[in-house]
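Welcome, and please load the model in your viewer with a cartoon view ready. We will go from stop to stop, selecting a few residues each time and looking at what is there.

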Amino acid sequence: MSPTRSCEVAAVFFWLFLIVNCKFPTLDHIQPKVGDEEQARAVSGLLRRLLGNRSTEFIVSVNRSLSNDSLDVCELRSAKNNKIVATGSTGVALASGIYNYLKYFCNCHVSWSGNQLEVPSPLPQLTGVLRINTPHRFRYYQNVCTVSYSFVWWDWPRWEKEIDWMALNGINLPLAFTGQEALWQEVYRALGLNESELEEFFSGPAFLAWNRMANMDKFGGPLPQSWHVNQLYLQFKILERMRGFGMIPVLPAFSGNVPKGILRLYPKANVTRLGPWAHFNCSFSCSYILDPRDPLFLQIGSLYLSEVVKQFGTDHIYNTDTFNEMTPPSSDPTYLSAVSHSVFASMTAVDPNAIWLMQGWLFFSDQTFWKPPQIQALLHGVPLGRMIVLDLFAEADPVFTYTESFYGQPFIWCMLNNFGGNNGFFGTVESINSGPFKALHFPNSTLVGIGMTPEGIEQNPVIYELMSELAWRKEPVNLAKWVSLYAVRRYGGMNDNLTAAWKLLFTSVYNCTIPGYVNHNHSPLVRRPSFQMRTDLWYEPADLFEAWRLFMEAAPSFMSKETFQYDLVDVTRQVLQVLTSSFYQDIADAFANKKMPELLTAGGVLVYDLLPELNRLLSSNQNFLLGMWLERAQSKALNEREAQLYDMNARNQVTLWGPSGEILDYANKQWGGLIEDYYAQRWGLFVQTLVECLDRGLPYKQDSFNQAVFQVEQGFIYNGRKYPTKPQGDTYEIAHRIFLKYYPQAMKRLQQMEENSPISPIP
């Protein structure tokens, strides 16, 4: 080894020693932007929104000196007049500490799908001081896709509710990506691009996440000017509230994705046109990427970040992702190191204290390319401690374990859990219960936090409550005990049936243990019909059916609780999803064996009873309405033309995902209205096609069916129908009717599987 190389290696080891033993001094300047009193006022406002007049029973304050190591802490004690005195090192610590008290002393619960806030009066007394603290510097939240799959149509009241939820659940490092296109518009105009070049670049609102990542452009656009104005207004309010709680909003930076018009202005720029992405052709894909080593990269990146800091202020952490689901043009470590060095330089040119937050998804999604030398080169192009890597899918495939803790760069252990915002029960409770602690105690660990990175939210609330709570735990929880207490506070009372049901769910559908399992909902219910559909499960359906029975037995006593109403709909929905697979298998067997009566029976029950019943069930609950998604989209419009554009965006994302079904059904949803006019119509056409084939003695041709069913799918996007925005029907009556019809069938099918060849979980 040369003397120069020896010095480089020694320097790296010195930095590793310094960073690991000093908790990353490079991050010491990352602190709440507002003072203690303002953070306390933010928490007081949260409590008023949450508890109304009862909020005055909490005396709150923020005192950053409560923590001497940047790790959040909250202390609570009882005072005279039955009040609770709470002090936190930050507003987030204070809110999270109070929520811990509300959960474990008052049996209260806050979630996306409803709250249970029957606070005892007087407030339960505390003996001595209740001290709640975290071993994690950061608690991160969001995926760059969440902004499109979940947040895209939100107004300020919905954002306010979400930021309150973040604070209660201890989130102090959230993405803040709203409104960035308005700033890009100003930067590109200043450089000389014209309006048509910008219109050709920006995608529609529902697809902006992938436009930002250089995966696609133009589709669903152009973006109206009113969109930019609305999003900027939202971003200012979002940032003010996040910072009010003491959060550190993560702002966007430049990745190299540029409009084609840049080549008109800078014909000698080192720009590469990428290949197609995800089955799109170059009409809407094949983005233009400016080489980070080109001086123009520093110019554009600095211009943009200067505008970001000018308009939004800064907390010094910025996100951008190079090579997201794209293979770099060279695997040469020198090239990769130069790329990351240049990207980081565009940040520090504007903010010398910049920290680059990078999603580590590329290391998982393209493991053929990203071998240890390539990973290390990309990471070491940035000074150690000046980059934070999100180990994005750590509950299934942690990258830190085979990269020596990202070769010295600090990282955050993240749970992804959801793709596309799909409905469907899923969780990896054993993995998330142990994973963060394994990362914390990993040799020479550079862990600085844990996070939640779902592509879409508003599903499986139990998983996110568990994950956020683990950030404040010193060791794994007893899962059976934890979920038993969860049931009590979610419904406001103890019930043996519900406790048993949740324990069953936690040991089955919520405990996927298959290594690397990716939770895309592949149920035949929400996929284009064919004879190659997946019906595998990672759990025993008998456990789900028994949990369903227990929910139904408890239902009469709990229907007044919005949380229970949601869960009754959700568990019944999951059962019907599983039964759809059974009817699909019956349909496939009947067609293969040329048994017309059996085909008509199975197809008829599915198309004319099960799917309509599922649609009625979902339509009875506010959280499962297609109409809400579409109404929120159209509410952003200032005129009919904008309303039509936003409606198309909203419908296309959850169905075709592209003009011709390029990412068909990736973002599938089980919503009232969508079942009836999209999924059921496809299944009706499939069964009808099979019946005609049998009747005429013709073979089934998938290509011909695909052409015919595409007309149904596209027809839904442009049908112009208005869907209900208010629940219709009585949830209990509908669920009970479904139970009486389908529970006996479910039991019969289980018995048949046991007698013949039971479906085992996939290996």
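A word on domains before we start: their bounds here come from an automatic or database domain assignment. Please also keep in mind that this is a predicted model.

**Stop 1: the domains.** Colour the chain by its assigned domains: domain 1 covers 25-133, domain 2 covers 138-472 + 482-495, and domain 3 covers 579-753. Now keep domain 2 and domain 3 in view; their centres, taken over C-alpha atoms, lie 33 Å apart. Domain 2 brings 34 residues to the contact, and domain 3 brings 25 residues.

How much area do domain 2 and domain 3 bury between them? The value is about 2,400 Å², with 61% of it on carbon and sulfur atoms. Next, show Tyr149, Trp153 and Asn423 as sticks. These residues supply 31% of the area that domain 2 buries against domain 3, more than any other three residues.

**Stop 2: helix 2 against helix 5.** Select residues 36-51 for helix 2 and residues 156-168 for helix 5; the two pack with their axes 11 Å apart, at an angle of about 110°. Angles of 65 to 115 degrees count as roughly perpendicular, and helix 2 and helix 5 are therefore roughly perpendicular to each other. Turn on side chains: Leu46, Arg49 and Leu50 of helix 2 meet Glu160, Asp164, Ala167 and Leu168 of helix 5. This contact between helix 2 and helix 5 has four nonpolar residues, no polar ones and three charged ones.

**Stop 3: three loops.** Start with Ser70, in the loop between strand 1 (58-62) and strand 2 (73-78). Ser70 is not a glycine, yet its phi is positive, at about 70°.

Move on to Pro122, in the loop between strand 5 (114-116) and strand 6 (130-133). The peptide bond joining Ser121 and Pro122 is cis, with omega about 0°.

Then pick Pro222, which sits in the loop between helix 8 (208-212) and helix 9 (225-244). Here the bond from Gly221 to Pro222 is cis, and omega is near 0°.

**Stop 4: helix 20 against helix 21.** Select residues 541-558 for helix 20 and residues 562-592 for helix 21. Their axes come within 10 Å and cross at roughly 150°. Are the two helices parallel or antiparallel? Angles over 145 degrees count as roughly antiparallel, and helix 20 and helix 21 are therefore roughly antiparallel to each other. The crossing of helix 20 past helix 21 is left-handed.

For the side chains, helix 20 contributes residues including Phe545, Trp548, Phe551 and Phe558, while helix 21 contributes residues including Phe564, Leu568, Val571 and Val575. The contact of helix 20 with helix 21 divides into 15 nonpolar residues, two polar and one charged.

**Stop 5: helix 21 against helix 27.** Keep helix 21 selected and add helix 27 (residues 731-755); these axes come within 10 Å and cross at roughly 40°. That angle makes helix 21 oblique to helix 27. The crossing of this pair, helix 21 and helix 27, is left-handed.

Among the helix 21 residues to show here are Leu568, Thr572, Leu576 and Phe583; on helix 27, look for residues including Ala735, Ile738, Tyr742 and Arg749. The contact of helix 21 with helix 27 holds nine nonpolar, five polar and two charged residues. To finish, highlight Leu568 and Thr572 once more: both belong to the helix 21 contact with helix 20 and to the helix 21 contact with helix 27.

Terms used: Residues are numbered from 1 along each chain as its sequence is written. This is a predicted model: local features need pLDDT of at least 70, side-chain atom pairs count only at pLDDT 80 or more; totals for chains, interfaces and linings use all residues. Side-chain values use heavy atoms; hydrogens and water are left out. Axes are lines fitted to C-alpha atoms, for helices over the stretch in contact, and angles run from 0 to 180 degrees between N-to-C directions. Helices (H or I, at least four residues) and strands (E, at least two) are DSSP runs, numbered from the N terminus. Angles under 35 degrees count as roughly parallel, over 145 as roughly antiparallel, 65 to 115 as roughly perpendicular and the rest as oblique. A crossing is left-handed if the near helix is turned anticlockwise from the far one by less than a right angle, and right-handed if clockwise. Contact means heavy atoms within 4.5 Å. Ala, Val, Leu, Ile, Met, Phe, Trp, Tyr, Cys and Pro count as nonpolar, Asp, Glu, Lys and Arg as charged, and the others, Gly among them, as polar. Buried area is the accessible area (1.4 Å probe) that two parts lose on being put together, summed over both.
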